[in-house]
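The following exercises concern metal sites, symmetry and the nonpolar core. Please work through each task before reading its solution.

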Protein chains: 2
Amino acid sequence: MTINTIPLQHALKHNHNECVSEAMATAEHLCMERGVQLTPIRHKVLELIWESHKAVKAYELLDRLKPLQKAAKPATIYRALDFLIDQGLIHRVESLNAFVGCRCSSYQHEQLLLICKHCEEVEERSAKEVMSALSEDTQKAGFTIHSKAIEIHGICKNCQNLTIDQNQSVIL
Amino acid sequence: MTINTIPLQHALKHNHNECVSEAMATAEHLCMERGVQLTPIRHKVLELIWESHKAVKAYELLDRLKPLQKAAKPATIYRALDFLIDQGLIHRVESLNAFVGCRCSSYQHEQLLLICKHCEEVEERSAKEVMSALSEDTQKAGFTIHSKAIEIHGICKNCQNLTIDQNQSVIL
DNA sequence: TGTTAAATGCTATATTATAAATTCTGCTCT
DNA sequence: AGAGCAGAATTTATAATATAGCATTTAACA
Ligand SMILES: [Zn+2]
Ligand SMILES: [Zn+2]
Ligand SMILES: [Zn+2]
Ligand SMILES: [Zn+2]
């Protein structure tokens, strides 16, 4: 019995094509509606981000974009990322300097991010109770919120089950 | 009546010397107790961080340390910062790539950070209700927490009052 | 005092991000 | 059609943040 040390892809356990096609359809629809351009570069960058549920680094995106877009430079990626963030189609993960697709870009939302140290996947949660507790506490402090970055690092459900499955070989 | 555009220092409104001396005394005491060395460099870096309640950048610290420590290089600062973070004497503000003194390093704590866009000061809050709501939500998700970065950006109480004081010249 | 581990010095480089000027591209107005 | 315009992309350069690896110094302590 060997311990699985291959980079995990829980995405393989679900139909990730659905995630991608849904995300791209939503993006196309929202941009159309808003009269902003989801240009080929922006579209491609969004697809690259959606290749997995992991947060992805700007320069990693650049490397992956280059074969398709010979002229791609850092500014190419960062301008695309700025656009996608402005449109709420992706989130920036501050504590990783990385970017992840947003699953609920079609409506206004606040979210917290659960970031797995093991598989590196990021799960977005609306956590209403957390947000209202937060509103209350900041109000007490007389503080007016403009934006939030709530990023929780740890081990996700899938990874926990995985280590239990593997004969108690817990190496986390 | 002119609008105050000078960088704000709410620290001037309280006896900040007390903040500093308390923080340094606590640091010295904790390091002693733990058998770790608060070396002159580490001590100085901590003092530099405590010059205000703003989050301060690593290279800004470096510039301020150089006159006192001619050999100071990036690694000098980053090593001191690593030590101070390990000892819980400062916090890293992920969304700013900056560092701020911790006011409650003497006991275990979780905190959220209120970061003012106007005066740039950072207030640390324990926000028990937020933390327990968070525990509950992550538990639901089957996620095991290792660490948290909860960073709220907005306008602090002092800055709000300030703009009200100034004849409704609210420019935020 | 000799040994050792921690801390610092030193040099180089990796990684992340932005600035500024120019060119391209698609659109509108005449 | 052609001038004018605005958004997007290119290009070049550089700023800002952070780490690696190895040499040297310092401090703890047996
Ligand atoms: Zn998926
Ligand atoms: Zn995981
Ligand atoms: Zn103070
Ligand atoms: Zn303020």
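**Exercise 1. Determine how the donor residues of the zinc ion (ligand 2) are spaced in sequence, and which parts of the chain they connect.**

Solution. The model examined here is predicted.

Step 1. Along the sequence, the donor residues of the zinc ion (ligand 2) follow the pattern C-x2-C-x36-C-x2-C. A:Cys119 belongs to the loop between β3 and β4 (122-125) of chain A, and A:Cys159 to helix α6 (residues 157-165) of chain A, so this pair ties together parts that are 40 residues apart in sequence.

Step 2. The coordinating atoms are the SG atoms of A:Cys116, A:Cys119, A:Cys156 and A:Cys159, at 2.2 to 2.4 Å.

Step 3. The angles among the four donor atoms are 106 to 112°, and the site is tetrahedral.

Step 4. Buried means under 20% relative accessible area. A:Cys119, with 1%, is therefore buried, and A:Cys159, with 0%, is buried as well.

**Exercise 2. Describe the site of the zinc ion (ligand 3): which protein donors does it have, and is B:His16 buried or exposed?**

Solution.

Step 1. The zinc ion (ligand 3) has as protein donors B:His14 (NE2), B:His16 (ND1), B:Cys19 (SG) and B:His53 (NE2), which lie 2.0 to 2.3 Å from the ion.

Step 2. Along the chain, these donors have the spacing H-x1-H-x2-C-x33-H.

Step 3. Angles of 99 to 116° among the four donor atoms make this site tetrahedral.

Step 4. B:His16 has a relative accessible area of 12% and is buried, whereas B:His14, at 32%, counts as partly exposed.

**Exercise 3. Establish the relation between chain A and chain B, and through which surface the copies meet.**

Solution.

Step 1. A turn of 180° with a shift of 0.0 Å along the axis lays chain A on chain B with an RMSD of 0.1 Å. This is the relation of a two-fold axis.

Step 2. Among the residues of chain A, A:Ile150 comes closest to the rotation axis, its C-alpha being at 2.2 Å.

Step 3. Because 100% of the interface residues of chain A are also interface residues in chain B, the copies meet through the same surface.

**Exercise 4. Identify the residues with the most contacts inside the largest nonpolar core, and the elements that contribute to this core.**

Solution.

Step 1. The largest nonpolar core has 32 residues, and A:Leu112 and B:Leu112 have the most contacts inside it.

Step 2. In each of chain A and chain B, the elements giving two or more residues to this core are β3 (112-116), α5 (128-140) and β5 (144-155).

Step 3. The contacts of A:Leu112 include A:Val130, A:Met131 and A:Ile150, as well as B:Leu134 and B:Asp137 of chain B.

Conventions
Residues are numbered from 1 along each chain as its sequence is written. Chains are lettered from A and ligands numbered from 1 in the order in which they are written. This is a predicted model: local features need pLDDT of at least 70, side-chain atom pairs count only at pLDDT 80 or more; totals for chains, interfaces and linings use all residues. Side-chain values use heavy atoms; hydrogens and water are left out. Copies are superposed by least squares on the C-alpha atoms of residues with pLDDT of at least 70 in both. Contact means heavy atoms within 4.5 Å. A nonpolar core is a set of buried Ala, Val, Leu, Ile, Met, Phe, Trp, Tyr and Cys residues joined through side-chain atoms within 4.5 Å. Buried means under 20% relative accessible area, exposed over 50%, partly exposed in between (1.4 Å probe, protein chains only). Helices (H or I, at least four residues) and strands (E, at least two) are DSSP runs, numbered from the N terminus. Donors are N, O and S atoms within 2.8 Å of the metal (3.2 Å for Na, K and Ca); water is not among the atoms, so sites may look incomplete. Four donors count as tetrahedral if all angles lie between 85 and 135 degrees; four count as square planar and six as octahedral if opposite donors are over 155 degrees apart and all others between 65 and 115; anything else is irregular. Lists of a residue's contacts leave out its neighbours within four places in sequence.
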